[in-house]
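Hello,

I promised to pass this structure on to you, so here it is. My notes on what turned up follow underneath.

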Amino acid sequence: MSKAKRGENQSARKSRKATAARVGAIAAMVFSHVASAVIWIGLIAAAGVIYLALDLPKVDEAALTRRPNIRLVDITGWEIASFGDIYGSAVDLKKLPKYVPAAVVAVEDRRFYQHPGIDFRGLARAMVTNIKAGRTVQGGSTITQQVAKNLFLSPDRTLIRKVREALLALKLERVYSKDQILTLYMNRVYFGGGAYGFEAASERFFSHPAQDLSIFESAILAGLLKAPSHYNPSREPDRARVRADVVLGTMVETGAITQAQSDTARKGATRTLKAVVPPSSRGKYFADWVVAQVDSYVGTIDRDIIVQTTLDGRLQAASEDALEKTLTKTGVKQNVSQGAVVVLVTDGAVRAMVGGRDYGDSQFNRATQALRQPGSAFKPFVYLTAIEHGAHPDDIVADAPIKIGKWKPQNFDGKYMGNVTVETALTKSLNTVAVRLAQDVGPQAIIATAHRMGITQTLKPDLSLALGSGEVTLLELTGAYAPFSNGGNAVLPYAVLNITDRGGKVLYQRESQGLEPVVAPADVATMNRMMSQVLLHGTGTAAAFGYPAAGKTGTSSDFRDAWFMGFTADYVAGVWVGNDDGDSMKKVTGGGVPAVIWHDVMATAHINHEPHILPGLEAPEEPDLLSRMLHVFTR
């Protein structure tokens, strides 16, 4: 090899060595910086953990802020609804069958009695499972961590909250025994529907204390913890059964029960699921209306309370069924999508309230919130005003074309009957006569009568008021018919009888209140005679159900609203049907769909009721012999 060539090789080797040296120096510098950064990050993280550890809440004060529970019951004690959080009495692990807590441990945290509050093995297993699945399918939280989260921390899903949760779990394990932590968990865990804890859940689904839970019932409740709504046994019995089978299998794997016990539990699954208490589906609109009033009776609620209401569960169910049955039968054909029903007793107590076809679809209460035109259902206030101003049912009034400015009110069928009596005009719901009577007495007098009877809305003082152009709610219109049913006394619809706390202490008690007379008995009698003819010979014959009754049909312009309002000596009921968007129905009148619904509701209301004569229509007492003789001699 030439000297020149050797020189080149030596030069190349020196260059490579220099480069390697520079790379090494750079690598050393990078490693130094990385190591320094790691150390600093570790120190910062450690400082953060220490700070979070020092800032943890006191675990010896295991309390839970919750919403007081408001339980609504009907006149028989049947539960209508429950608002807020439901907690049963605290369960004691020693008093429960061993398989109850074992079911919880088996499916929620099978290494609960081995780990120190954090299950590192479980976390690793969950991480591998989630990576394989490409999504989160398994959690790694222990029962202790869930207690920490539920009792002391916010539900925020942040890294800081997870760190605090882990630290708090370790702290809980130092302060409490495993059984104490499990007890805390079982008394505070959520089962859906506002129910917290095994005692509340056992009472809710099985109507007995937690200490009486069977193996299969325990498996159902333990299975609920994964997803309360998804596995709800009253709404999703098939899912609940499948989930309970998984729990039973896990209990066998962990040695909590034997395979023979599991097999026996499965045999009773069908019977157990059929016995699950279904949640109340009745009276939801009524419940919302009542719970909004509770504060006005007892002030700020700071404890669990029970509100006994005026609702009749049997009549409520009949009202909901009657509305749905009739609208299902005729709704699509006649373009009727919604309806509402209110039933009162004659002092104003609400016995039934249906605010719409399906509470799940719409919580808007059409009985208390919807303002709609009553049409001819408003006419009784016009006729009552006329009677009070001296009109008589036998007076003759012209049913003929009438023009008021540019307004030409017409009868429903566009025809005219000529001269008719006032009674016939009301019975046949003749518009021209109602307008003429309104002209005679004046709109202001009619408004005064309507307000005196119970209408609360502001009404415009023009003659179209006679045909129901004002807007009212079904509840207030029903209440305004009550004076006809009770002899002339105004009522204020009410729903609450008493309110007590869970210990039985009375917080509110409705007192018997004297009703205010607003119509003279003689005028009530006159109106009842005329309105009874509506059901016998007029526009409301479809509502007649064999008991003495009276009422009035109502249809607003363009068939947007249809009503039947009526009463007996025992009940007052109102029915409205229409569409929420004000779309016209296909020639639905008050004497059609609403009258049919009213008929079915009132027929149910009067089962086992003796027929009572309407106020003012009682037969006069037969005079005694002396009175008859005096009458003869003094003629």
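Let me start with a pocket, bearing in mind that this is a predicted model. The second largest pocket has a volume of about 1,000 Å³. It is lined by 36 residues, and those closest to its centre are Glu79, Ser82, Ile86, Gly193 and Arg204. Four elements each give two or more residues to this lining: strand S2 (79-83), strand S3 (86-87), helix H7 (197-206) and strand S5 (305-309). By residue type, the lining of the second largest pocket consists of 15 nonpolar, eleven polar and ten charged residues.

Two of those strands, S2 and S5, appear among the elements of the lining, and each of them also pairs with strand S1. Strand S1 (residues 70-73) runs parallel to S5, with four bridges joining the two. S1 and S2 are likewise joined by four bridges, but they run antiparallel. Arg71 is a good residue to click on here: it stands opposite Ile306 in S5, and its bridge partner in S2 is Ser82. Ser82 is also one of the residues closest to the centre of the second largest pocket. The hairpin of S1 and S2 has five residues between the strands, and in it Gly77 takes a positive phi near 95°.

Next, the interior. In soluble globular proteins, nonpolar side chains tend to be buried together. Here the largest nonpolar core has 78 residues, and the ones with the most contacts inside it are Phe286, Val307, Phe381, Tyr383, Leu477, Tyr481 and Met527. Helix H19 (residues 474-486) provides the largest share of this core, with seven residues. If you set aside neighbours within four places in sequence, Phe286 is in contact with Ile80, Thr309, Thr310, Leu311, Val350, Met353 and Ala495. There is also a second, separate core of 48 residues, which includes Ala201, Ile215, Ala265 and Leu273.

Finally, which residues other than glycine have a positive phi? Two that I noted are Asn335, with phi near 55°, and Phe559, with phi near 60°. Asn335 lies in the loop between helix H14 (313-334) and strand S6 (338-345). Is Asn335 buried, partly exposed or exposed? Its relative accessible area is 27%, so Asn335 counts as partly exposed. Phe559 belongs to another loop, the one between strand S14 (550-555) and strand S15 (561-567).

Happy exploring, and do write back with any questions.

Best wishes

Notes
Residues are numbered from 1 along each chain as its sequence is written. This is a predicted model: local features need pLDDT of at least 70, side-chain atom pairs count only at pLDDT 80 or more; totals for chains, interfaces and linings use all residues. Side-chain values use heavy atoms; hydrogens and water are left out. On a 1 Å grid over the protein atoms alone, a cavity is a set of points where a 1.4 Å probe fits but cannot get out, and a pocket is an open set with protein on both sides within 12 Å along at least five of seven lines; lining residues have an atom within 4 Å of a point. Grid points are joined across faces, edges and corners, and a volume is the space filled by probe spheres set on the points. Ala, Val, Leu, Ile, Met, Phe, Trp, Tyr, Cys and Pro count as nonpolar, Asp, Glu, Lys and Arg as charged, and the others, Gly among them, as polar. Buried means under 20% relative accessible area, exposed over 50%, partly exposed in between (1.4 Å probe, protein chains only). Two strands pair if DSSP finds at least two bridges between them. A nonpolar core is a set of buried Ala, Val, Leu, Ile, Met, Phe, Trp, Tyr and Cys residues joined through side-chain atoms within 4.5 Å. Contact means heavy atoms within 4.5 Å.
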